[in-house]
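User: Please take a close look at the cysteines of this structure, and then at the nonpolar interior.

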Amino acid sequence: MKVICTSPSFAKYDATPITTLQQHGFELITLPADAPLSALQPHLADTVALIVAFNDINEELLALAPQLKIVCKHGVGVDNINLDATRARGIYVTNVPDANKHAVADFAFALILNSARQITQAAIETRAGSWPRIFATDVYGKTLGIIGLGNIGKQVALRARGFNMRVIAFDFYPDEPFAAEHGIDFVTLDQLTETSDFITLHMPLTDKTQNLFDAARLKRMKKNAFLINASRGGVVNEQDLYQALLDNVIAGAAADVFVQEPLTEHPLFTLSNFIPTSHIAGYTDGAISAIGERCVTQIVQCIQQGERPINVMNGLE
């Protein structure tokens, strides 16, 4: 029974997930994250599980894997996996929605602080020998708007309490008890856009969220506001964001995610009021280890125990 893994961070810090697979009789095939279908094809005929990062799991690949029972996303977002095609073939698609929530929340809040205080720009100019006097803005006491008050968004909200921030939120499926317990106000998307000093995005990429922040919405933001995206690249229209930052429609932005990844160049990279990072928000030793363990647990549940995995994302019963 083969398990193909194309996530470069699987078992990076702890070999327990590999050992567990071997103990249950699985053969682990490790391939690069950018491995083409031709590299996977020799193994697909007897592969029962996939552990993937960003590979395109499409009809062509699925047709070559008649024994495939489960596709595990080594992370959260499953927009690279054809959910309809897997469901039609009876293949479970799972993710690990909360193992990296603390890592991503820490990172998102770091981008908030970095954007407000212009730490990256100060570091660049200081290295260049200019000793800049950068006059920035406060985070303490400001209004934080969280779009997507799920596992990660909730953790960002809890961190904001230490900065005495007013927290408002928008979510398609609001958790009212959590909001009430922690003094968070649910508002409309327009209200959040217009009143927040910092907006942080924590929603999956769906038809509802595609280009959620386009030129029109960016213009509704406060002129001195900042936009943080550690969710998915397609939630923000990158060309519209570039123009908004270039024209000082908003004060600044930061993103750990982009429509196309990896990137070596982008118009946004030329702007001093934009902070780019390389989709690393969830990359900590603790988070990576937990994600790997949970992927393996779901594979064992599905294939050896004949049970429905914990976090099924394609609606398969």
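Analyst: The sulfur of Cys5 lies 8.1 Å from the closest cysteine sulfur, that of Cys295, which is too far for a bond. For Cys295, the closest cysteine sulfur belongs to Cys72, at 5.0 Å, again too far for a bond. The structure holds zero disulfides, a disulfide being a pair of cysteine sulfur atoms within 2.5 Å.

This is a predicted model, in which local features need pLDDT of at least 70 and side-chain atom pairs count only at pLDDT 80 or more, while totals for chains, interfaces and linings use all residues. Residues are numbered from 1 along each chain as its sequence is written, and side-chain values use heavy atoms, with hydrogens and water left out.

Cys5 counts as buried at 1% relative accessibility, and Cys295 counts as buried at 0%; buried means under 20% relative accessible area, exposed over 50%, and partly exposed in between (1.4 Å probe, protein chains only).

Turning to the nonpolar interior, the largest nonpolar core has 29 residues, of which Leu144, Ile146, Val156, Ile184 and Phe198 touch the most other members. Such a core is a set of buried Ala, Val, Leu, Ile, Met, Phe, Trp, Tyr and Cys residues joined through side-chain atoms within 4.5 Å. Among the elements that give two or more residues to this core are helix H5 (101-117) and strand S6 (143-147). H5 gives the most, with eight residues; helices (H or I, at least four residues) and strands (E, at least two) are DSSP runs, numbered from the N terminus. A second, separate core of 28 residues includes Leu218, Met221, Ile250 and Ala255.
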